[in-house]
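Subject: Handover of a structure for your review

Dear colleague,

Please find the structure below, followed by a summary of what was found in it. I would be grateful if you could read the two together.

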Number of protein chains: 2
Amino acid sequence: MAVTTRRADAQRNIAAILTAAAECLSRDPAASTSDIAKAAGVGRVTLYGHFPSRAELIDAVFVQAIATGEETLGQVDLTGDPREALGRLVESSWQLVDQYRALLLAAQDSLPPGRVRELHADPMARVERLLERGRDEGVFRTDLPTSWLVSVMHNVMHGAASEIHAGRITSDQAAPYITATLLAAFRSD
Amino acid sequence: MAVTTRRADAQRNIAAILTAAAECLSRDPAASTSDIAKAAGVGRVTLYGHFPSRAELIDAVFVQAIATGEETLGQVDLTGDPREALGRLVESSWQLVDQYRALLLAAQDSLPPGRVRELHADPMARVERLLERGRDEGVFRTDLPTSWLVSVMHNVMHGAASEIHAGRITSDQAAPYITATLLAAFRSD
DNA sequence: CTCTTGTCGAACACCAGTGTACGAGTTACC
DNA sequence: GGTAACTCGTACACTGGTGTTCGACAAGAG
């Protein structure tokens with residue numbers, strides 16, 4: 001693709017649209033292209049000039065969100081006691097989950113089925129690796145599939161995000177609650 | 001209300017609409033009133049004659065679903081060892097969760113915020129009572145709020161439903177997985 | 001400085017859904 | 001068998017989104 005030759009203002013607009021979309025969709029998963037274009041300080045036509053459809057825009061936003069998330073998660077120290085590593089991973093992960101909660105909803109009903117999971121491959125692999133190491137070292141249970149444990153972690157974190165959103169727990173409580181729950185749920189014997 | 005005086009065919013139609021709506025919405029949370037009316041073998045106008053809006057129809061369906069669910073759950077023996085009681089409760093609950101999964105989604109984006117939780121008051125209270133008894137008897141942990149534990153149970157069950165829906169686990173595996181996970185997550189010490 | 005690339009707003013066609021109006025027809029009730 | 005309650009299909013008005021087209025205009029690249 002000769003996408004390399006893109007005029008400077010076009011690149012600026014694309015970036016503006018992406019960040020505006022991330023903001024809007026995080027506030028309201030049903031945000032329209034008009035809302036997003038307006039928030040980006042750009043005409044709706046310009047938006048469609050860069051993204052052929054609302055779905056492809058959401059896909060791009062999602063890809064970007066995962067990428068920046070991965071940047072954060074990549075810096076988490078996952079060595080040492082797997083239980084403490086899990087704690088550190090939860091600490092970083094759950095904030096991302098909370099932040100991108102609404103965006104996930106938008107993706108789920110605009111993107112083809114399976115696409116969301118596909119884009120989650122990297123973060124999921126990271127969790128899986130840690131869990132498997134913990135199993136090898138005998139601190140995590142082996143009587144349930146790793147994929148199930150990953151799913152439990154995912155759902156507990158999203159549940160916490162909902163609880164915060166509903167005002168039933170505070171942001172500070174979330175990480176310790178999640179960690180305490182998962183460590184108990186995952187431990188061996 | 002003199003609703004007592006309702007012609008027989010009207011009552012039949014109302015019932016048909018409710019069950020058709022439950023079916024349609026369970027298949028597709030975005031099912032339209034046309035779809036539902038068609039499935040009920042009834043004109044769309046008739047539907048609106050009984051339910052002033054799509055939202056109120058969904059509310060009625062949801063109320064009915066909760067009621068029939070409560071009927072099932074009311075028969076679960078919650079006495080004896082709280083851990084075994086939890087297992088029995090999970091066994092009955094998770095199937096309802098799986099069955100009404102999509103209906104819940106429909107309710108969540110058609111009903112006013114808080115309404116869904118409001119209607120869940122009874123089943124939630126049942127779980128809470130069991131958990132508190134387990135705490136009193138020293139078998140369930142007390143270092144986390146009961147409401148959090150209830151939320152964990154809720155989210156793990158819904159997560160299981162998603163896994164089934166995506167074909168990653170089978171219906172048979174779900175209950176044991178859920179129970180094994182929750183018992184570990186909830187146990188004291 | 002010119003020419004390509006991009007932007008803008010307004011307008012348009014389109015679609016899918018919700019809720020209402022009407023008038024003719026049917027069904028239960030007494 | 002008469003009457004009130006109910007149903008039906010069609011048609012309509014309205015809403016709110018998506019995606020496209022147009023022509024005039026602005027801005028960056030060489």
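A polar contact, as used here, is a pair of N or O atoms within 3.5 Å; within protein, one must be able to donate a hydrogen and the other to accept it, and residues adjacent in sequence count only if both atoms are side-chain atoms. One such contact joins Arg12(A) to DNA strand D, where a polar side-chain atom lies 3.1 Å from a phosphate oxygen.

This is a predicted model, in which local features need pLDDT of at least 70 and side-chain atom pairs count only at pLDDT 80 or more, while totals for chains, interfaces and linings use all residues. Residues are numbered from 1 along each chain as its sequence is written, chains are lettered from A and ligands numbered from 1 in the order in which they are written, and side-chain values use heavy atoms, with hydrogens and water left out.

DNA strand D

A residue is near a strand if one of its heavy atoms lies within 4 Å of it. There are 22 residues around DNA strand D, and Arg44(A), Arg54(A), Arg7(B), Asn13(B) and Thr46(B) come nearest. Of the strand's atoms within 4 Å of the protein, 63% belong to sugar and phosphate. Thr33(A) places a polar side-chain atom 2.9 Å from a phosphate oxygen of DNA strand D, whereas Arg7(A) has one 3.0 Å from a base nitrogen of that strand.

Helices here are DSSP runs (H or I, at least four residues), numbered from the N terminus. Helices α1 (8-27) and α3 (44-50) of both chain A and chain B each give at least two residues to the surface near DNA strand D. The largest share, 4 residues, is that of α3(B).

DNA strand C

DNA strand C also has 22 residues around it, of which Arg7(A), Asn13(A), Thr46(A), Arg7(B) and Arg54(B) come nearest. Sugar and phosphate make up 62% of the atoms of DNA strand C within 4 Å of the protein. A side-chain N or O atom of Arg7(B) is 2.7 Å from a base oxygen of DNA strand C, and a polar side-chain atom of Arg44(B) is 2.8 Å from a base oxygen. Ala8(B) uses a backbone N or O atom, 3.3 Å from a phosphate oxygen of DNA strand C. The largest share of the surface near this strand, 4 residues, comes from α3(A).

Contact between the protein chains

Contact means heavy atoms within 4.5 Å. Chain A and chain B each bring 22 residues to their contact. Buried area is the accessible area (1.4 Å probe) that two parts lose on being put together, summed over both. For chains A and B it is about 2100 Å², with 61% from carbon and sulfur atoms. Trp148(B), Tyr177(B) and Arg187(B) supply 28% of the area that chain B buries against chain A, more than any other three residues.

Individual features of chain B

Relative accessible area is classed as buried (under 20%), exposed (over 50%) or partly exposed (in between), with a 1.4 Å probe and protein chains only. In helix α9(B), 16 of the 20 residues are buried. Gly167(B), which follows α9(B), has a positive phi, near 75°.

Asp189(B) lies in the segment after α10 (171-186) of chain B. Its phi is also positive, near 75°, in a residue other than glycine. Asp189(B) counts as exposed because its relative accessibility is 82%.

Ala55(B) lies in helix α4 (residues 54-73) of chain B and, at 29% relative accessibility, counts as partly exposed.

Yours faithfully
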